[in-house]
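Me: I should like to understand the terms used for the strands of this model. Please explain each one by setting it against its definition.

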Amino acid sequence: MATFKARARAVDMLGRQQIAGIPTAINELFKNAHDAYAQTVTGDYFREDRLLVIRDDGHGMSHHDFIEKWLVVGTESKVTAVPVAPAGTAKRAVLGEKGIGRLAVAAIGPQVLVLSRSSADPSCTVALVNWTLFTAPGIDLEEVEIPTLQIPEGRLPNQGDIQSLANSILQNLANLRDRLSAEIYSQVQREVAEISSLNPAELSGRLSKPSLKDGTGTQFWITPTDEMLTHDISGTRGEDQEASPLFRTLIGFSDTMVPGNPRPPMVAHFYDHRSKELVHDVIGEGEFFTPHDFTLADHQISGRFDEYGQFSGKVSVYGREPVTHIVTWPGSRGNHTLCGPFDLHLAYVQGAKKSSRLGDEDFNRLTRKLARVGGLYIYRDRVRMLPYGRNDFDWLDIERERSKSASDYFWSYRRMFGVVGINGTDNDRLQEKAGREGFRANAAYREFRDLLQNFLVQTARDFFRDDSADDFWRVTKKELERESEARQRHDKQSRVRRANFRQELVSAERRLNGGAPELEVGKILSELETRLADAASDAESSRSANKIVEAESVAFRAITELRVSYRLSRPRGVALPRAVSEDWDAYQREFETMDRTLLDETRAEVERRAAAAAKRLGSALDRRKRLEAGIAERIQDAHATLSQNSRKVMQSAEDLQSASNEKTQAARRILDEEVRLVQLELASVDTNQLSDQQITDLRRNFEDRIDSALGSQVTQLTHLLERISLVFELKDSAGAGDVIDVIGSLEQEVDALRSRADEDLELAQLGLALQVINHEFSSSIRSVRNNLNRLRSWADANKGLRPVYSDLRASFEHLDAYLRLFTPLNRRLYRRGTVMKGSEVERFLVDLFQDKISQEKITLEATQDFRSARVKAYPSTLYPVFVNLVDNAIYWLTTTSSARIVRLHHSGREWMVEDTGPGVPSADQDRIFELGFSRKPNGRGMGLHISRDVLRKEGWSLELSTSPLGGARFTLTEPLTTESSAPAEQYIADTLAFDTDS
């Protein structure tokens with residue numbers, strides 16, 4: 001009797017050659033971990049070693065299980081055996097049934113070290129599989145030996161254990177040498193030699209949980225990995241929005257995006273170890289869609305397709321209260337569907353920001369996610385099926401249908417994310433391909449696609465088209481677009497007005513600070529003298545008196561015009577950037593100074609000179625004439641100004657009236673045109689040929705057309721009325737202009753909040769960066785310190801190494817000293833109140849700045865009161881403040897050639913830092929603590945602002961004043977509740993704690 005016989009190449013053809021790629025192979029291992037009831041599965045890729053480790057904390061395998069199940073190709077263990085769920089764990093559906101998924105490991109690398117420990121067998125089973133042997137032609141499957149070991153409980157295999165397994169493979173290789181090609185023989189030798197140096201016991205110390213040292217589970221150590229793995233992890237360089245192949249495959253392994261879902265049965269991680277210090281979480285939690293994202297989306301649909309293909313669920317459009325909706329499937333005809341019932345949860349974000357209800361931040365964030373991981377995913381028993389969900393796999397032809405008619409189809413695959421939930425019981429006819437590349441294109445799958453495609457078309461017609469019966473989407477979308485366009489128009493107008501005002505402000509400041517007002521005043525007084533001289537030379541007394549009055553009036557008018565030319569008006573209803581607002585405040589102060597001094601003094605001088613000229617003429621009526629002339633001129637100016645503004649108002653009112661007339665006439669024309677068309681069609685209808693139902697439908701159609709035309713025009717007129725009402729509804733109120741002021745105030749507040757948010761984000765990023773740097777430096781320095789201690793014994797035994805060791809040790813201790821200086825600055829590691837002495841602060845500052853103050857010939861001194869002062873506080877709060885203040889003082893001292901002294905002083909509850917520098921100009925004293933304000937070149941203006949903020953949170957204050965030394969003095973004042981002294985025992989304990997931590 002003849003029988004089939006398996007060659008070793010069958011393993012390669014069923015595994016590596018069948019799988020879609022490396023990411024799919026890793027996904028298979030993740031699914032195996034799911035079937036083993038793992039709570040966590042983790043992938044770790046070490047780039048430098050070309051080593052991939054896949055670890056889980058599932059029930060693991062005993063040595064018997066590994067031999068009788070894992071090494072049996074096409075095993076029935078997952079088909080006939082019922083997996084036992086651990087106590088307290090819900091039963092899971094089996095994802096793998098063919099028994100060949102484990103062979104996909106060969107696609108990742110040519111050999112794998114398998115480690116597994118089960119609760120039934122405390123020993124760890126270790127096996128080494130070289131897949132290259134399975135590619136050799138002419139070798140039978142049973143001729144390839146898989147060496148195994150059993151490691152006692154409490155330890156992991158070391159390099160010696162791996163070497164033993166490698167030797168077994170080399171022995172098997174030698175036995176097969178005559179039947180192997182030279183190429184395969186040499187390749188296996190190289191691969192085995194490379195894995196011989198692997199030491200899992202040592203490398204496991206670099207890995208987080210799960211671990212086989214004290215737990216169960218299975219691990220795959222694959223090396224050397226295929227060169228494509230690095231590309232699959234990183235993707236194409238320069239394409240930030242494009243997700244890498246591994247990311248697209250592993251992201252969303254479990255269904256976590258639907259609100260209300262229970263916690264996923266297994267959590268998946270994948271870490272890219274780019275170096276010993278730099279580790280990147282490839283599929284971090286924030287990378288995939290969350291229930292919060294689902295709720296935020298513009299539209300949500302959730303429901304279920306029953307066994308007849310009818311959808312019943314809830315639809316929420318633009319955040320409206322969900323409405324019940326049913327979508328029937330014409331292909332049912334009363335029969336059960338082949339694909340079976342399934343769930344659908346779909347979220348959608350409008351493509352244009354102006355049509356979305358999301359804020360800028362959420363819209364941009366979700367748009368970035370959609371570009372990377374958007375799509376409709378399929379989950380079987382809450383575990384993702386490949387390749388559904390990938391943005392390059394539009395399995396429902398959504399984009400093709402949309403390209404035919406975007407207005408009719410609505411849905412876009414690039415703007416949706418959601419879940420189609422199936423299970424192994426109800427949907428067993430949806431059969432997966434052997435290579436994990438989707439469902440087989442059988443009748444059940446075709447029906448499955450037809451159901452969803454029909455659903456998308458029908459829901460677009462029902463909710464998301466201009467002619468949909470439910471007009472909520474259309475009305476809300478138009479309203480959002482109208483508001484967005486209004487904001488854009490307002491923003492554009494505001495930008496223009498801001499730019500014009502800034503230009504006017506710069507020009508006025510330049511003229512004001514350039515001495516232009518003084519020149520203008522000189523001209524006014526010069527012209528006054530000329531006119532008064534002319535009046536004095538006139539022999540006719542009445543004419544002379546009139547000339548004096550006119551000369552005085554002309555001078556006063558010129559002073560008024562000069563004042564008006566420099567008086568700027570801040571634009572109403574427009575938010576000004578902080579820098580412009582500060583410049584505006586400074587200009588107002590300068591203008592008021594000019595007005596109070598120069599212009600008022602000039603007016604008084606004009607009055608004095610005119611009075612002296614009138615007195616010389618001896619005119620009795622000069623005072624009255626001058627008074628009457630001045631009042632008459634002011635009245636004339638007032639009438640002229642009022643007339644000018646009245647004409648502007650009347651012109652605006654006429655323009656508004658004209659625009660309103662055009663709007664109302666256009667509305668009438670559009671409605672009349674639609675009515676005319678309806679009447680024409682009505683006149684051509686033969687009602688005798690129509691049934692009662694057809695006549696009813698026709699009447700409804702005509703009425704809907706009239707109502708639609710009327711509704712759109714009434715909406716536009718209502719919007720116009722609302723804008724007019726905003727202006728005139730407060731006409732009898734004293735605050736008629738309040739609307740513009742409120743808009744300006746709100747815009748200013750929003751602008752300030754945006755600026756503060758950007759600044760806070762920058763500070764947060766700096767803080768996170770500092771935290772990461774501190775952690776990485778601490779780890780690296782600890783390693784260097786340990787290695788130096790080890791090197792010392794070699795240096796003691798080898799005289800040639802002593803100078804090298806000595807120089808290296810000195811350089812390291814210098815660097816380490818600097819790093820230790822900043823230990824108290826770490827808020828996370830050192831947050832216990834400590835009795836801090838002034839002498840410690842002095843020593844800290846001297847150690848930190850000694851090179852700089854020595855180079856710049858600066859004296860850093862502390863008074864005896866400062867050295868003996870004590871306060872219970874957080875060093876992580878106070879030390880950075882002193883560092884910042886002294887650093888600023890040193891900088892400004894370098895700009896002066898006088899004596900350079902920084903003094904630390906203490907009095908009562910006050911700690912002072914003062915210097916002999918140039919001090920802070922009076923114009924800057926009110927702004928010195930503002931975020932972003934700095935007079936240093938390239939200064940960021942953050943230090944003093946942050947210092948005062950952190951001190952305030954601890955009850956302290958920070959104030960600026962002038963030092964007796966001539967420069968600036970910054971005073972830190974303790975809170976009233978601070979204990980300025982403490983028992984000696986507490987001080988000693990705190991000091992010891994400080995020394996230990998540092």
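Strands and their partners

Reply: In this predicted model, Arg903 of S19 has Glu914 in S20 opposite.

Me: How do you know that S19 and strand S20 pair?
Reply: Two strands count as paired if at least two bridges are found between them. S19 and strand S20 (residues 910-915) have six bridges in the antiparallel sense, so the definition is met. Two residues lie between the strands of this hairpin, where Gly908 takes a positive phi near 65°.

Me: What makes strand S17 a partner of strand S19?
Reply: Strand S17 (residues 859-862) is joined to strand S19 (residues 901-907) by four bridges, and the requirement is at least two, so they pair. These two strands run parallel. Thr859 has Ile901 in S19 opposite.

Me: How do you know that strand S1 and strand S7 pair?
Reply: Strand S1 (residues 40-46) and strand S7 (residues 267-273) run parallel and share seven bridges, against a requirement of at least two; therefore they pair. Thr42 has His269 as its bridge partner in S7.

Me: In which order do the eight strands of the open sheet stand?
Reply: The order is S5-S4-S3-S6-S2-S1-S7-S8, with mixed pairing. From one strand to the next, the twist averages 15°.

Me: Why are strand S5 and strand S8 said to stand at the edges?
Reply: Strand S5 (148-151) and strand S8 (279-281) each have a single partner strand, so one side of each has no neighbour in the sheet.

Me: What lies across S1, strand S2, strand S6 and S7?
Reply: Helix H2 (residues 22-35) lies across them, running at about 20° to S2.

How values were computed. Residues are numbered from 1 along each chain as its sequence is written. This is a predicted model: local features need pLDDT of at least 70, side-chain atom pairs count only at pLDDT 80 or more; totals for chains, interfaces and linings use all residues. Side-chain values use heavy atoms; hydrogens and water are left out. Axes are lines fitted to C-alpha atoms, for helices over the stretch in contact, and angles run from 0 to 180 degrees between N-to-C directions. Contact means heavy atoms within 4.5 Å.
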